[in-house]
Amino acid sequence: MDTMDQSPNESVRGNPAPALSHAEIRTIILGVLLAMFLAALDQTIIATALPTIGRELGDLEHLPWIVTVYLLTSTAVTPLYGKFSDSYGRRGTMLIGIVIFIIGSIACALAPNMIVLILARGLQGIGGGGLIALAQTIIADIVAPRERGRYQVYFASVFMTSSLLGPVLGGFFAEHLHWSVIFWINLPLGLVAFAIAFQSLKKLPRFERPHKLDLLGALLLVAATVALLLALSWGGLRYPWASLPILGLFTASLVLWGLFAVRMRLAPEPLIPPGVLHNPVVRMAVLAACFAMGTYIGLTIYLPVYFEAVRGLSASLSGLSLIPLMAGTVVGATLSGRTMAKVKHYKRLPTVGLLVAMAATGVLAMYGQSLSIVTVEIILAIISVGLGTVLPVTMVTTQNAVAPHQMGTATGTANFFRSLGGAFIVAIFGAIVLSGSGLSGAASFESLSAVAARSGIDLADVFSHVFIAAIVGFGLSLAFLLALEERPLRGSAIKAAEAAVAD
């Protein structure tokens, strides 16, 4: 039997894996979603506590690195987790990730100064970077591609919950308790996730094959990623975009990516098998998700700035104004995921969704300043629903196009490029806002309104250009989605999986 045609309940050698009951599948899902929630929450809970951390540790200059270093390490290790899980199993890899994340969280909570905190956040990112990709891969192991889209809504729900709950908890802990509580809370959550994963994941079907880890390829990948994200993080803020340090980082990243491409061709077992990226379905799905998710991340970061600087809302109200953008993604993902299991042409819905998102974003670009807040909220909900329809299709088609023993690698690669897309588009949005508002690279967004007012700059026009850039991002996602081959999804999973979907 060709491994490309195996169902999720078959081992890589063709022996049927033990059937999972409905209760067992639900327990596995609970465990992986809790692990995913750990990583997702830690990306949002830190934001509102940053000023307090800077004051108490007496170091405001290096404050942005608390966020940047987590992004750097978590993005860079994502494909490593996928390869490692394909070689040595999902369960052990998930447990390793949770343990590293917990150790990093404890180190963050005990950090006596900013430098130690930054290093601890880097360690925390190494643990958290693989949890999201591994959760998606484990779901792919137990649910057939045709049914898998329905489960993507759980992932969207985790991200929505963390996006809404994180800033509220972070602000509350920093103001009423202590900033270290935002890290201590990971200890009980992590231990529960470890206990559930340790027991429930024993029943996972086994797809791993003996592999050799390409350590040189991993080193080149991490170095290329770090150089690129450093350039995107520092450009326009710490250094001008055309400065020698930024150009040097981009050049170094380009050279390192070239060396990594050579290594992929020469290594006996490369970190990312060329067959995965050469697969046209994987390539188009990854690029479509990269620009769709990247644009979404950019909007979630800069819309609060828009609400405060242009619409005059307070910080708390700006956070609440993001709810339609967060909640609509779950609605779109639910609709798309359930549709995938019933229709042959599953690309039609996300195609329409992206077109609607582009049109709605165009309304914001043209009339954003004159629209009422309620109207803006409705438009954000429409954008979010349209975007949400893309996410299940790109992930499921990626997993459907590869053999089971490559699913971890393919899923990790997809999440890796989605993260890179987010960093890239956030940097573009930041460059538009900084250059358009007349701020210097060292200025903070807290001074945006005052500086723009003194300079006679209309910030509504500045953010119109941000929305135009978002339209371009959605348009690129649409182009790659249209180029995506619509292969039939593999058949039904085990009976327990069907029962779980029907519940």
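This report walks through the predicted model shown above, from its overall make-up to a few individual residues.

## Overall make-up

Let's start with the whole chain. The protein has 503 residues, and 57% of them count as buried. Its secondary structure consists of 23 helices and zero strands. Contacts across the sequence are plentiful too: among those with a separation of 6 or more, 82% join residues 24 or more positions apart.

## Two nonpolar cores

The largest nonpolar core holds 74 residues, and the members that touch the most others are Ile53, Met94, Ile98, Leu117, Ile182 and Phe183. Helix 1 (residues 22–42) supplies the largest share of this core, with twelve residues. A second core, separate from that one, has 52 residues, including Phe291, Leu303, Ala365 and Phe429.

Leu117 is a good place to look at the packing of the largest core. With residues up to four places away in sequence set aside, Leu117 touches Ile53, Leu57, Ile66, Cys108, Ala111, Trp179 and Phe183. Two of these partners, Ile53 and Phe183, are also on the list of core members that touch the most others.

## Ser105, a polar residue inside

Ser105 sits in helix 4 (residues 90–109). Is Ser105 buried or exposed? Its relative accessible area is 1%, so Ser105 is buried, as the cut-off for that is under 20%.

What does Ser105 meet there, beyond its neighbours within four places in sequence? Gln124, Phe183 and Asn186 are its contacts. With Asn186, the link is a polar one: the two side chains come together at 3.1 Å.

## Helix 14 and its kink

Helix 14 covers residues 280–309, which makes 30 residues. From its first C-alpha to its last it reaches 43 Å, close to the 44 Å expected at 1.5 Å a residue. Even so, helix 14 has a kink of about 35° at Tyr302, shortly before the proline Pro304.

At the start of this helix, a side-chain oxygen of Asn279 comes within 2.9 Å of the backbone nitrogen of Val281. Along its length, 24 of the 30 residues are buried, so helix 14 is largely enclosed by the rest of the structure.

## Aromatic pairs

If you enjoy hunting for rings, the whole structure offers seven aromatic pairs. Tyr306, Phe307, Phe463 and Phe467 are linked by ring pairs into a cluster. Tyr306 and Phe307 fall within the 280–309 range of helix 14.

## Helices 12 and 19

Helix 12 (residues 244–266) includes Val262. At 44% relative accessibility, Val262 counts as partly exposed, because buried would need under 20% and exposed over 50%. Val262 and Gly217 lie 45 residues apart in sequence, with their C-alpha atoms 9.4 Å apart in space.

The 23 residues of helix 12 should span 33 Å at 1.5 Å a residue, and the end C-alpha atoms are indeed 33 Å apart. Its buried residues are Ile246, Leu249, Ser253, Leu256, Phe260 and Met264. As background, an α-helix has 3.6 residues a turn, so residues three or four places apart point the same way.

Helix 19 (residues 390–400) is mostly covered, with eleven of its eleven residues buried. They include polar side chains such as Thr394, Thr397, Thr398, Gln399 and Asn400, alongside Val390, Leu391 and Met395.

Conventions: Residues are numbered from 1 along each chain as its sequence is written. This is a predicted model: local features need pLDDT of at least 70, side-chain atom pairs count only at pLDDT 80 or more; totals for chains, interfaces and linings use all residues. Side-chain values use heavy atoms; hydrogens and water are left out. A nonpolar core is a set of buried Ala, Val, Leu, Ile, Met, Phe, Trp, Tyr and Cys residues joined through side-chain atoms within 4.5 Å. Buried means under 20% relative accessible area, exposed over 50%, partly exposed in between (1.4 Å probe, protein chains only). Helices (H or I, at least four residues) and strands (E, at least two) are DSSP runs, numbered from the N terminus. Contact means heavy atoms within 4.5 Å. Rings of Phe, Tyr and Trp (its six-membered ring) pair if their centres lie within 6.5 Å; planes under 30 degrees apart count as stacked, over 60 as edge-to-face and the rest as tilted. The expected span of a helix is 1.5 Å times one less than its number of residues. The bend at a residue is the angle between axes fitted to the seven residues ending there and the seven starting there. A polar contact is a pair of N or O atoms within 3.5 Å; within protein, one must be able to donate a hydrogen and the other to accept it, and residues adjacent in sequence count only if both atoms are side-chain atoms.
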